[in-house]
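Grab a pencil and work through a few exercises on the structure below. Each one sets a task and then walks through a solution.

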Amino acid sequence: NIWPDITTQKRSLCDMAHLLLDHIDIVATMDDAAPNAAPNSGSCGREIADAAILIKDGVIIAVDTHQAMHAMLDTATPAITDLNVMDMRGHIIIPGMVNTHHHLFQNLTRVVPDAQNKSLFGWLQTLYPIWQHLLPEDIYISAAAGLAELALSGCTTSSDHQYLFPNGSRLDNAIEAAGDIGMRFTATRGSMSIGESKGGLPPDILTEPEHSILADCLRVVDEFHDASRHAMTRVALAPCSPFSVSRELMRDTAIMAADKSVGLHTHLAENVEDIEYSLEHFNMRPGDYAEDLGWTGSHVWHAHCVQLNPDEINLFARTGTGVAHCPCSNMRLASGIAPVRQMLDAGVHVGLGVDGSSSSDSGHMLNEARQTMLLQRVIHGADNMTAREALRVATRGGAEVLNRDDIGQIAAGFSADMAIFDRNVIDFSGTQTDPLAALIFCGPVKPRHVMINGQFVVSDFHLASMDMGSLLERHDAAARQLLIRSGY
């Protein structure tokens, strides 16, 4: 049994050839195997008690019961002679959660008083004048802090929708931060091209010429996108919204994404104002607008989709188009309750997004999963979304939305990304009958350890990849200076 006390020693174990997490109380695999005989195994695939997970070079080699795993190891040819074992009694392991929508730069402007009690359009118009003073180092430090917050909640893969680039900021700044934290990352090159002078919502100073946008989209895809299995960095293209870019930019971006085989992302049907804007300016609903411009398919995912109607839901199901559901932000901005039950029943790929930290004010994935379950119960009844369904949306659902078949499951051949929860905490007290469901019903809890690509990025509830004290000092200074520069 090897369980070093020093974080650097613990992380270095993962660089060795074989690592065995053994005697795990419960592993929720989210795999496609028929559920075992465990009560209420639901939609989490196999739920394995007294489980073991074998890892090599950042990839899961096998997952099974302790007994079956050791029988396999005893007969392995050639014999495994470099096995390091960690005893995981008293722990639950789930696949690392996948965040499908964020605006990391926004965590520098949380709870701004003038924006606290406004809906989407008014909220944006309050914050744009502050965001126009962001610097490249602000993008880096906000991304590092936001990704650290996500990792500490059990998230192992995050997308980020960066749609403004003031004062020389680039997508590169956030990508660098993700590498330093150790987060698996989908960086989306967002854009705004239609400012106030052309009938759009953002100030003109935050918009870019469309030819410059497309040129930089091409640059970041060629420089950073990794299409290989287990890739740590991928790039998608993401015009901000129908009310901040032109039809031509939406169309041209879709053509480029298809040509370069990368993903497409935007905001869609977020609230009633969004629907009204679409009808007034395009004479069609958001779903029709998306379909008309090539914005459906398995490589496409839309954020929010609170106001989708049944026809649009069926369109997304038929085309494999994904949805990033952001319940806390939707409530905070009074956008409404997204029809997640109907989406799931229709076969739409649904994942979770914490959204920007100026609208949800938190980057806790299990909190989003819990709110997803509770909101669907509010409108459909107590038996219409289970804890296991919410947990699946937070993990495998997010992987499907990002069109990845190498994360979101604890299964052979999948990336070694997982959240490890200690049951010996107050949040789990009294949950012996169903500790897996407690992850959603209780808390929200935080994991003891988080592994990404076979590395412990969180260890004993602490960030292991970067000094948190220094990170918070830099973040606090950046937030203060941003407010000073903006005159707030």
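Before we start, one term: helices and strands here are DSSP runs, numbered from the N terminus, with at least four residues for a helix and at least two for a strand. Keep in mind, too, that this is a predicted model.

**Exercise 1. Find out which element gives the largest share of the lining of the largest pocket.**

Step 1: Start with the space itself, which has a volume of about 280 Å³.
Step 2: Look at the lining. It has 17 residues, and the closest to the pocket's centre are Ser261, Val262, Gly263, Leu402 and Asn403.
Step 3: Ask which elements give two or more residues; they are strand S9 (233–239) and helix H7 (247–260).
Step 4: The largest share, three residues, comes from S9.
Step 5: Sort the lining by class, and you get nine nonpolar, seven polar and one charged residues.

**Exercise 2. Decide whether strand S14 is enclosed or open, and work out which strands it is joined to.**

Step 1: Count the buried residues, where buried means under 20% relative accessible area. Five of the five residues of S14 (residues 418–422) are buried, so the strand is largely enclosed by the rest of the structure.
Step 2: Recall that side chains in a regular strand alternate between the two faces of the sheet. Here Met418, Ile420 and Asp422 point one way, while Ala419 and Phe421 point the other way.
Step 3: Go to strand S5 (residues 91–95), which is antiparallel to S14 and joined to it by five bridges. One of the pairs is Pro95 with Met418.
Step 4: Now try strand S15 (residues 449–452). Three bridges join S14 to S15, again antiparallel, and Ile420 has His449 as its bridge partner.

**Exercise 3. Name the residues that touch the most other members of the largest nonpolar core, then follow Ile94.**

Step 1: The core has 119 residues, and the ones touching the most other members are Ile94, Leu124, Trp131, Ile181, Leu391, Phe421 and Leu439.
Step 2: Helix H4 (residues 136–152) provides the largest share of this core, ten residues.
Step 3: Set aside neighbours within four places in sequence, and the contacts of Ile94 include Ala28, Leu391, Met418, Phe421 and Leu439.
Step 4: Don't miss the second, separate core of 19 residues, with Ile48, Met88, Ala416 and Met451 among them.

**Exercise 4. Work out how many cavities of 30 Å³ or more the structure holds, and what lines them.**

Step 1: There are two.
Step 2: The largest has about 120 Å³ of space. Of its 15 lining residues, His103, Leu120, Trp123, Leu124 and His267 are the closest to the centre.
Step 3: Helix H3 (residues 120–131) gives that lining its largest share, four residues.
Step 4: The second largest cavity is about 30 Å³, and its lining includes Leu104, Phe105, Ile139 and Asp160. Here the largest share, three residues, comes from H4.

**Exercise 5. Track down some unusual backbone spots.**

Step 1: Know the usual picture: most residues other than glycine have a negative phi, and most peptide bonds are trans.
Step 2: Thr77 and Pro78 are joined by a cis peptide bond, with omega about -5°. Pro78 sits in the loop between helix H2 (66–74) and strand S4 (83–87).
Step 3: His304, in strand S11 (residues 300–304), has a positive phi of about 80°. Its relative accessibility is 0%, so His304 counts as buried.
Step 4: Asn453 has a positive phi of about 55°, but at 28% relative accessibility it counts as partly exposed.

Technical notes:
Residues numbered from 1 in each chain as written. Predicted model: local features only at pLDDT ≥ 70, side-chain atom pairs only at ≥ 80, totals over all residues. Heavy atoms only, no water. 1 Å grid on protein atoms, 1.4 Å probe; cavity = no way out; pocket = protein on both sides within 12 Å on 5 of 7 lines; lining within 4 Å. Points joined across faces, edges and corners; volume = space filled by probe spheres on them. Nonpolar A, V, L, I, M, F, W, Y, C, P; charged D, E, K, R; others polar. Buried < 20%, exposed > 50% of the residue type's maximum accessible area, 1.4 Å probe, protein only. Pairing = 2+ DSSP bridges. Core = buried A, V, L, I, M, F, W, Y, C linked by side-chain atoms within 4.5 Å. Contact = heavy atoms within 4.5 Å.
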